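Hi,

Here is the structure I promised to pass on. Have a look at it first, and then read my notes below.

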Amino acid sequence: MELPPPDPALLAPPDPAPLSPPAPDLLAAFEAAPGFMPRDEGLALHAAAAEAAGLGLPLLEVGTYCGRSTILLAAAARAAARPGVVAVTVDHHRGSEEQQPGWEYHDPGLVDPATGLTDTLPTFRRTLYAAGLEDHVVAVVGRSPAVAALWNRPLGLVFVDGGHTDEHATADYEGWAPHVAPGGLLAVHDVFADPAEGGQAPYRIYRRALDSGAFTQTAAHRSLKVLRRTGTGI
């Protein structure tokens, strides 16, 4: 049986009012936090989170690292001041592939001397504390597919910035994209159409989202792409 079309009212932007950037202290906290997202893409992510917060639903990111982008989602959640709007961040905190010893983005300062393994959780907690945002974040420590399998409520925003292999990016998309509410946003980071500029796994899930017919692109800022859920068929 063919599903009825989504209610157009749900697909409209939830808040047409101009969106404000993060407060100066939070922007400074973002820039001081360890991480890889540049300022301009961060501002674009914050704008998407602030818009999505108008749906009154949680804002979720896959790939916490040390909390740099978490600050932006939490800032949007705090500014929304609406019940149900909170930043949820999912990560196993052992580092992605490129952050392991011998790889380009490995940071020896993030290795736990007791285990010899990367552990970004203590730094992440310090990041939130320094920014004064602990009350606006729910941190889930676990692997994305396992957490997604337990999740059972709609989300205003899903920001995918986890592992960049096809295996991990595909699992993040398949696990979380179905939870984006009608009119909600799916943001994907490190999307490069040209293989010379970066890995292709995020680009492939971005194309998959567009080709599904369930998402329509609404914004693009360099490697950050933002899509709105406008249909079914994920």
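How much area does the protein expose, and what share of it do carbon and sulfur atoms supply? About 11,100 Å² is exposed, and carbon and sulfur account for 57% of that. Before you go further, keep in mind that this is a predicted model.

**The overall picture**

The protein has 234 residues, and 46% of them are buried. Its secondary structure consists of eight helices and nine strands. If you take the contacts with a separation of 6 or more, 72% of them are between residues 24 or more positions apart.

**The sheet**

Seven strands make up an open sheet with mixed pairing, and going across it you meet them in the order E5-E2-E1-E6-E7-E9-E8. At the edges sit strand E5 (137–141) and strand E8 (215–221), each of which pairs on one side only. On average, neighbouring strands in this sheet are turned by 20 degrees against each other, ignoring direction.

If you want one pairing to look at in detail, try strand E1 (residues 59–62) with strand E2 (residues 87–91): they run in the parallel sense, with four bridges between them. Valine 62, for example, has valine 90 in E2 as its bridge partner.

**Helices against the sheet**

Two helices are worth finding here. H3 lies across E1, strand E6 (155–160), strand E7 (180–188), E8 and E9, and it runs at about 15 degrees to E9. H8 lies across E6, E7, E8 and E9, and its angle to E8 is about 140 degrees.

Then there's helix H4 (residues 68–80), which is mostly covered, with ten of its 13 residues buried. Among the buried ones are Arg68, Ser69, Thr70, Ile71 and Leu72. Alanine 81, just after H4, takes a positive phi of about 50 degrees.

**Salt bridges**

How many salt bridges are there? The count comes to six, and I'll walk you through some of them.

Start with arginine 228 and glutamate 51, whose side chains meet with an N to O distance of 2.5 Å. Arginine 228 belongs to strand E9 (residues 224–229) and glutamate 51 to helix H3 (residues 39–52), so this salt bridge ties together parts that are 177 residues apart in sequence. Are these two residues buried or exposed? Both arginine 228 and glutamate 51 are buried.

Next, arginine 208 forms a salt bridge with glutamate 174, with 2.9 Å between the closest N and O atoms. This pair also links distant parts of the chain: arginine 208 is in helix H8 (residues 201–212), glutamate 174 is in helix H7 (residues 166–176), and they are 34 residues apart. Arginine 208 has a relative accessible area of 38%, so it counts as partly exposed. Glutamate 174 is partly exposed as well, at 43%.

The last one I'll mention joins the side chains of arginine 39 and glutamate 31, at 2.8 Å from N to O. Arginine 39 has 41% relative accessibility and therefore counts as partly exposed. Glutamate 31 is partly exposed too, with a relative accessible area of 39%.

That's what I found. Shout if anything here is unclear.

Cheers

Methods:
Residues are numbered from 1 along each chain as its sequence is written. This is a predicted model: local features need pLDDT of at least 70, side-chain atom pairs count only at pLDDT 80 or more; totals for chains, interfaces and linings use all residues. Side-chain values use heavy atoms; hydrogens and water are left out. Buried means under 20% relative accessible area, exposed over 50%, partly exposed in between (1.4 Å probe, protein chains only). Contact means heavy atoms within 4.5 Å. Accessible areas come from the Shrake-Rupley method with a 1.4 Å probe; for residues, only the protein chains shown count as cover. A salt bridge is a side-chain nitrogen of Lys or Arg within 4 Å of a carboxyl oxygen of Asp or Glu. Two strands pair if DSSP finds at least two bridges between them. Axes are lines fitted to C-alpha atoms, for helices over the stretch in contact, and angles run from 0 to 180 degrees between N-to-C directions.
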